[in-house]
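Here is a quick tour of the packing and the empty space in this protein. Have the structure open while you read.

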Amino acid sequence: MTARRTVEVLLDRYGTTYAAEAGIRLRNTPQPLYQLLVLSDLLSARIRASVAVAAARALFAHGLRSPDRMIGATWQERVDALGEGGYRRYDERTATQLGDGAELLLVEYGGDLRRLRKEADGDLDILRSGLRRTPGMGPAGADIFVREVQAVWPEAAPFLDGKALQGAEKLGLPTSPANLVRLAEQAGRAGQAHEQGPAELAAALVRAALDKHVVDDVAAYA
């Protein structure tokens, strides 16, 4: 089993971003970027990723897809939507944080995260620091956002954080971001992975870090 084959299988079976899984059609426009911020906030809690994704989908299904709509909803409506997604352990606190975070985004950036991007000017430390001003958003949440947004903000790529590299180690892959990206590019040229870049690679590696079943499944097919 070669490292390239492992990456081929990993991307083929698990190379879907969390944004895509949550139904976000990620583009460099205010609404999907805000939705990614919400998803990143939810994923950063100590809760299963599948529950965080389901909660994000429930919020969006209730129309809470923009900071204006998030603020326009009542606290109870936010709690109820989170509950529908199974996000019950942190629902009340998170409902408050989502409202406060939407208000902050409107005040500081006019509801448009592209202004934070411009402010950071390619400096990921500034970008992550700005993201961490969002209530409830710690270092893990900021890293999640950057992992996913690199699909549309190329200056952030390739971004493979500690959690992604932990997945690489569990899969027996090199833990150098440059080497991992090179393996993914080779997999794409081999025809096993189509239109998958660093964001998809990062998400797949994170799934391996979080779930031993992913590691065992990749090993079975590689």
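Bear in mind that this is a predicted model. Let's begin with the enclosed voids: the structure holds three cavities of 30 Å³ or more. The largest cavity takes up about 80 Å³. Two elements, α7 (91-109) and α9 (124-131), give two or more residues each to its lining, and α7 gives the most, with five. The wall of the largest cavity includes Leu104, Leu105, Leu113, Leu116 and Leu131, along with Glu108 and Arg133. By class, that lining comes out as seven nonpolar, three polar and two charged residues.

What lines the second largest cavity? Tyr34, Leu37, Val38, Asp41, Gln97, Leu98, Gly101, Ala102 and Thr134 do the job. Here α3 and α7 each put in at least two residues, and the split is five nonpolar, three polar and one charged. Leu37, Gly101 and Thr134 turn up in the linings of both the largest cavity and the second largest one.

Now for the open sites. The largest pocket holds about 250 Å³ of space. Its lining has 15 residues, and the closest to the pocket centre are Leu43, Ile144, Arg147, Lys163 and Leu210. α10 (139-149) and α13 (198-210) each supply at least two lining residues, with α10 giving the largest share, four. In class terms, the lining of the largest pocket has nine nonpolar, one polar and five charged residues.

The second largest pocket is lined by ten named residues' worth of wall that includes Tyr14, Tyr18, Glu21, Arg207 and Asp211. α2 (18-21), α4 (49-61) and α13 each bring at least two residues to it, and the largest share, three, is from α4. Leu210 is also on this pocket's list, besides sitting among the residues closest to the centre of the largest pocket.

Volumes side by side:

| Site | Volume |
|---|---|
| Largest cavity | about 80 Å³ |
| Second largest cavity | about 60 Å³ |
| Largest pocket | about 250 Å³ |
| Second largest pocket | about 220 Å³ |

And the packed part? In soluble globular proteins, nonpolar side chains tend to be buried together. In this model the largest nonpolar core has 75 residues, and those with the most contacts inside it are Leu39, Leu42, Leu59, Tyr87, Leu160, Leu201 and Leu205. Helix α3 (residues 30-43) gives the most to this core, eight residues. Take Leu42 as an example: leaving aside residues up to four places away in sequence, Leu42 touches Ile47, Ala52, Ala55, Ala56, Leu59, Leu82, Tyr87 and Thr94.

Conventions
Residues are numbered from 1 along each chain as its sequence is written. This is a predicted model: local features need pLDDT of at least 70, side-chain atom pairs count only at pLDDT 80 or more; totals for chains, interfaces and linings use all residues. Side-chain values use heavy atoms; hydrogens and water are left out. A nonpolar core is a set of buried Ala, Val, Leu, Ile, Met, Phe, Trp, Tyr and Cys residues joined through side-chain atoms within 4.5 Å. Buried means under 20% relative accessible area, exposed over 50%, partly exposed in between (1.4 Å probe, protein chains only). Contact means heavy atoms within 4.5 Å. On a 1 Å grid over the protein atoms alone, a cavity is a set of points where a 1.4 Å probe fits but cannot get out, and a pocket is an open set with protein on both sides within 12 Å along at least five of seven lines; lining residues have an atom within 4 Å of a point. Grid points are joined across faces, edges and corners, and a volume is the space filled by probe spheres set on the points. Ala, Val, Leu, Ile, Met, Phe, Trp, Tyr, Cys and Pro count as nonpolar, Asp, Glu, Lys and Arg as charged, and the others, Gly among them, as polar.
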